[in-house]
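Please examine the sequence and the structure shown below. The briefing that follows addresses helix packing, strand pairing and a metal site.

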Amino acid sequence: MNLSCLLCYQASPTPVCHWCEDDMFFFEPSLHGSNLLQFGPVAGHVKHSHYDALSVLGLHTWPMSSLVHQLKFTHSLTAGKVLSNWFVHKKRQCTLSVPHVLLPVPISAWRLATRHYNQATLLCESISRELDIPINPSWAKRKGLSVQHHLSKTARAENASRVFALSEQCLDNEIRAQNRTDKRDFTVAIVDDVLTTGVTVNTLSKRLKQRYPKIRIQVWAAAFTPPPKSSLLQKG
Ligand SMILES: [Zn+2]
């Protein structure tokens, strides 16, 4: 039983109190559209040459950034649960087609060994339960020690193309099984906690489309980091 808000510690019957929730910027399908690649203030700032659609819960600004931080660095399952519940709630108003499988963005074996979990997989697990979509946690691998967040945009692109690789099996089994029952294009959702430049998900999407030219790729993220002068940061 949660008695205080994860963010402001005031008494609250829910893990995040309604005051904190009211302070968050959520993308609304009815206002910003179901596919944020058609919404300039987001699409104009993320690499998206190799995926087809983008869904994001909200902006990576306070207080959502604090919730994401708890998910990422303090292994807060509650924070992960809150974010994925909100995400699922928004998904129910979304008009994009339901993906066949969820693909968490991999973290390196080194990071997994120190952090003991992949925050993207945690998000996937609760979304998977609510929306009844299977997860493939071993579709891709991330090599090496490097982290993206302190690199420039160009350096990120070079780094991402070096560090990510699809696994040998990747989606072979899922696609084979689906082809027997369903003639729709095979659709995946790549899931990550934070979207900043989009380079990581775009690189992974490029690899997937090279290997499976006919698949449709959506990217799902909990939060988008707006550039400093983004129009999204002006409180209306
Ligand atoms: Zn609060």
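Helices H5 and H7 count as oblique to each other, because their angle falls outside the ranges for roughly parallel (under 35 degrees), roughly antiparallel (over 145) and roughly perpendicular (65 to 115). This is a predicted model, in which local features need pLDDT of at least 70, side-chain atom pairs count only at pLDDT 80 or more, and totals for chains, interfaces and linings use all residues. Residues are numbered from 1 along each chain as its sequence is written, and side-chain values use heavy atoms, with hydrogens and water left out.

**Helix packing**
- H5 (residues 77–91) and H7 (residues 119–131) pack at about 45°, and their axes lie 9 Å apart.

**Strand pairing**
- Strand E2 (residues 101–104) and strand E5 (residues 187–195) pair in the parallel sense over 4 bridges; pairing requires at least two DSSP bridges.
- Leu103 of E2 has Ile190 as its bridge partner in E5.
- Val101 and Leu103 point one way from E2, Leu102 and Pro104 point the other way, and all are buried (under 20% relative accessible area, with exposed over 50%, partly exposed in between, and a 1.4 Å probe applied to protein chains only).

**Zinc site**
- The SG atoms of Cys5, Cys8, Cys17 and Cys20 coordinate the zinc ion at 2.3 Å; donors are N, O and S atoms within 2.8 Å of the metal (3.2 Å for Na, K and Ca).
- Along the chain, the zinc donors follow the spacing C-x2-C-x8-C-x2-C.
- Cys8, in the segment before helix H1 (18–22), and Cys20, in H1, link distant parts of the chain, 12 residues apart.
- Cys8 is partly exposed because its relative accessibility is 26%, whereas Cys20, at 4%, is buried.

Technical notes: Helices (H or I, at least four residues) and strands (E, at least two) are DSSP runs, numbered from the N terminus. Axes are lines fitted to C-alpha atoms, for helices over the stretch in contact, and angles run from 0 to 180 degrees between N-to-C directions.
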